[in-house]
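Dear colleague,

Here is the structure I promised to hand over, with my notes on what was found in it set out below. Please read them with the model open beside you.

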Amino acid sequence: MDTTRAIIIRSETSGEADILITAYTEAFGKQNFVARGGRKMEAKLRPDLKPYSLVELSFVRGKNNFLLTGAKTIENFTNGAAAKDFFAASVISSIIDTFIVQPERDERLFLNILFSFRALANNSEKNSWVVVQRFFWDLLNLQGTFILSKKCRQCTNNFNYGASLTSDGELLCTTCSPDGIFNFDQEDLYAIGQILNSKSGEDMPGHVFEHLNSGLKTFLLKEKTYPAPNQQAVSWFLERVI
Ligand SMILES: [Zn+2]
């Protein structure tokens with residue numbers, strides 16, 4: 001039997017009394033687990049398999065999946081949370097669910113997810129979207145798929161008119177790359193730099209958040225059809241992360 005700390009990303013019921021969960025674990029990376037054993041087992045485990053909580057999981061390795069034998073809640077991040085924080089937690093979960101496909105263990109990523117959920121729970125941020133933004137850009141940064149720079153790599157000019165992310169993952173000026181997959185204006189670039197370098201969004205003006213919110217939506221999600229991801233952005237991401 002194995003045990004690990006895990007952050008529950010998704011939890012659903014299957015069949016009569018099986019519970020399927022997706023979790024990012026400390027020891028085994030992103031994994032799917034199944035709880036079998038009928039009503040009794042479901043009643044025993046259900047209270048400790050809530051989405052957006054940190055739990056200690058015990059399990060055995062079955063032929064095709066990890067079979068849960070026990071779960072104990074350590075920290076629940078959405079107890080008493082405002083609706084917007086709950087939504088932010090679901091967006092972070094959606095990013096993890098869609099973009100982290102490798103099961104390999106990554107301690108930094110585990111701590112990153114933990115830090116993000118805790119920040120939502122403690123309401124320590126000016127805007128819960130900052131937490132989502134930081135998680136997203138940190139994730140790209142950790143994977144080396146988005147490197148924030150001050151100058152265009154091709155012509156070495158400053159980004160006076162913003163920058164464009166090419167399908168090759170390069171940040172170029174809008175003259176060198178008129179048809180990138182995403183355009184950042186100067187304020188976007190500034191805000192991403194701030195978000196990646198600081199722990200708090202307290203000193204940032206509100207309209208910068210608005211900029212980045214629309215940026216993340218454009219990049220990740222189709223407007224108003226959440227959680228369907230923008231396919232072009234997803235394939236751009238997957239090509240680089242996998
Ligand atoms: Zn250029």
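An open sheet of 3 strands, in the order 7-6-8, is held together by antiparallel pairing, and this, like everything that follows, is read from a predicted model. The edges of this sheet are strand 7 (171-173) and strand 8 (182-184), each of which pairs on one side only, and the twist from one strand to the next averages 35°. Strand 6 (residues 163-165) runs antiparallel to strand 8 and is joined to strand 8 by 3 bridges, with Leu165 standing opposite Phe182 of strand 8.

The protein as a whole has 7 helices and 8 strands. Of its 242 residues, 30% are buried. If one takes the contacts with a separation of 6 or more, 54% of them are between residues 24 or more positions apart.

The other sheet to look at is a closed barrel of 5 strands, which runs 1-2-3-5-4 and has mixed pairing; its neighbouring strands are turned by 45° against each other on average, direction ignored. Strand 1 (residues 2-14) pairs in the antiparallel sense with strand 4 (residues 53-61) over 6 bridges, and on that side Thr3 stands opposite Ser58. Strand 1 also pairs in the antiparallel sense with strand 2 (residues 18-25), here over 8 bridges, and Glu12 has Leu20 of strand 2 as its bridge partner. These two strands, 1 and 2, form a hairpin with 3 residues between them, and in the turn Gly15 has a positive phi of about 65°. A parallel pairing is found between strand 3 (residues 29-35) and strand 5 (residues 66-76), which share 2 bridges; Val34 has Leu67 in strand 5 as its bridge partner.

Two helices lie across strands of this barrel. Helix 1 (residues 38-45) lies across strand 2, strand 3 and strand 5, and runs at about 135° to strand 3. Helix 3 (residues 107-122) lies across strand 1, strand 2 and strand 4, at about 60° to strand 1. The length of helix 3 can be checked: its 16 residues, at 1.5 Å a residue, should span 22 Å, and the end C-alpha atoms are indeed 22 Å apart, which agrees. The buried residues in helix 3 include Leu109, Phe110, Ile113, Ser116, Phe117, Ala119 and Leu120. When you look at the spacing of these positions, it may help to recall that an α-helix has 3.6 residues a turn, so residues three or four places apart point the same way.

The largest nonpolar core has 45 residues, and those that touch the most other members are Ile7, Ile8, Ala23, Tyr24, Phe33 and Ile92. This core draws at least three residues from each of domain 1 (2-76) and domain 2 (125-241). A second, separate core has 7 residues, among them Cys152, Phe159, Cys173 and Phe184. To return to Ala23, and leaving aside its neighbours within four places in sequence, this residue is in contact with Ala6, Ile7, Ile8, Ile9, Gln31 and Phe33.

Helix 4 (residues 128-142) can be checked for length in the manner used above: its 15 residues should span 21 Å at 1.5 Å a residue, and its end C-alpha atoms are 21 Å apart, which agrees. The buried residues of helix 4 are Ser128, Val130, Val131, Val132, Gln133, Arg134, Phe135, Phe136, Leu139 and Leu140. Just after helix 4, Gly144 takes a positive phi of about 70°.

Finally, two residues deserve a look for their backbone angles. Tyr52 has a positive phi of about 65° although it is not a glycine, and its place is in the loop between helix 1 and strand 4. Thr156, also not a glycine, has a positive phi of about 60° and is found in the loop between helix 4 and strand 6. Is each of them buried or exposed? Tyr52 has 25 other C-beta atoms within 10 Å and is therefore buried, since 20 or more are required for that. Thr156 has 8 other C-beta atoms within 10 Å and is therefore exposed, since the limit for an exposed residue is 12 or fewer.

With best wishes

How values were computed. Residues numbered from 1 in each chain as written. Predicted model: local features only at pLDDT ≥ 70, side-chain atom pairs only at ≥ 80, totals over all residues. Helix = DSSP H or I, 4+ residues; strand = E, 2+ residues; numbered from the N terminus. Contact = placed C-beta atoms within 7 Å. Pairing = 2+ DSSP bridges. Core = buried A, V, L, I, M, F, W, Y, C linked by C-beta atoms within 7 Å. Domains from an automatic or database assignment. Axes fitted to C-alpha atoms, helices over the stretch in contact; angles between N-to-C directions. Expected span 1.5 Å × (residues − 1).
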